[in-house]
Amino acid sequence: MTEPRDHPFVAAVKPLVDAMGGELMDPALAQPDDVVLAWEGQDLLAVRLPQLSDSLDHILAALERRYGVPLAQLDRKSKQDVVRILEARGAFSVRHGVETVAGALGVSRFTVYNYLNRDSNAPKGAGKGSQE
């Protein structure tokens with residue numbers, strides 16, 4: 001049998017697990033909160049998911065890679081886009097999420113709340129090209 005690390009299923013799920021900030025491990029080492037993945041009826045690997053606060057850090061790091069600069073260096077429109085992305089990903093349901101995002105963007109919590117409120121108060125189609 002192919003070693004688990006060389007198995008095509010492991011290669012297929014590894015980018016997803018890495019993007020989430022998870023950890024791949026031997027299923028024999030799995031703890032109750034880990035997710036055990038099976039292939040053809042046999043446990044092949046386990047995934048340890050990160051804590052929610054760690055997930056937010058991974059999402060912020062991925063956004064920095066996407067934009068190619070520290071988030072604090074983005075212009076206002078790009079920062080607003082980042083806040084929309086983070087809201088869609090549930091970042092503000094994490095305890096201290098607004099504070100963490102504000103720190104990463106180099107803005108105040110008030111500014112993050114303004115970005116969030118701006119989107120929720122804007123009528124459909126508004127916001128494109130409008131001033132803050």
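Here are a few friendly notes on the salt bridges in this predicted model.

1. Overall count. The structure holds five salt bridges. The points below take up some of them, beginning with those around Asp81.

2. A network in helix H3. Lys77, Asp81 and Arg84 are joined in a network of salt bridges. Asp81 takes part in a bridge to Lys77 and in another to Arg84, so you may like to bring up these three side chains together when you look at the helix spanning residues 76-88.

3. Asp81 and Lys77. For this pair, the closest N and O atoms are 3.2 Å apart. The two residues sit four positions apart in helix H3, which puts about one helical turn between them. Lys77 has a relative accessibility of 53% and counts as exposed, because the exposed class covers values over 50%.

4. Asp81 and Arg84. Here the closest N and O atoms are 2.2 Å apart. Both residues belong to helix H3 and are three residues apart, again about one turn of the helix. Arg84 is partly exposed, with 31% relative accessible area.

5. Arg109 and Glu99. This salt bridge has its closest N and O atoms 3.4 Å apart. Arg109 is in helix H5 (residues 109-121), while Glu99 is in helix H4 (residues 97-105), so the pair ties together parts 10 residues apart in sequence. Both partners are partly exposed: Arg109 has a relative accessible area of 46%, and Glu99 has one of 33%.

Notes
Residues numbered from 1 in each chain as written. Predicted model: local features only at pLDDT ≥ 70, side-chain atom pairs only at ≥ 80, totals over all residues. Heavy atoms only, no water. Salt bridge = Lys/Arg side-chain N within 4 Å of Asp/Glu carboxyl O. Buried < 20%, exposed > 50% of the residue type's maximum accessible area, 1.4 Å probe, protein only.
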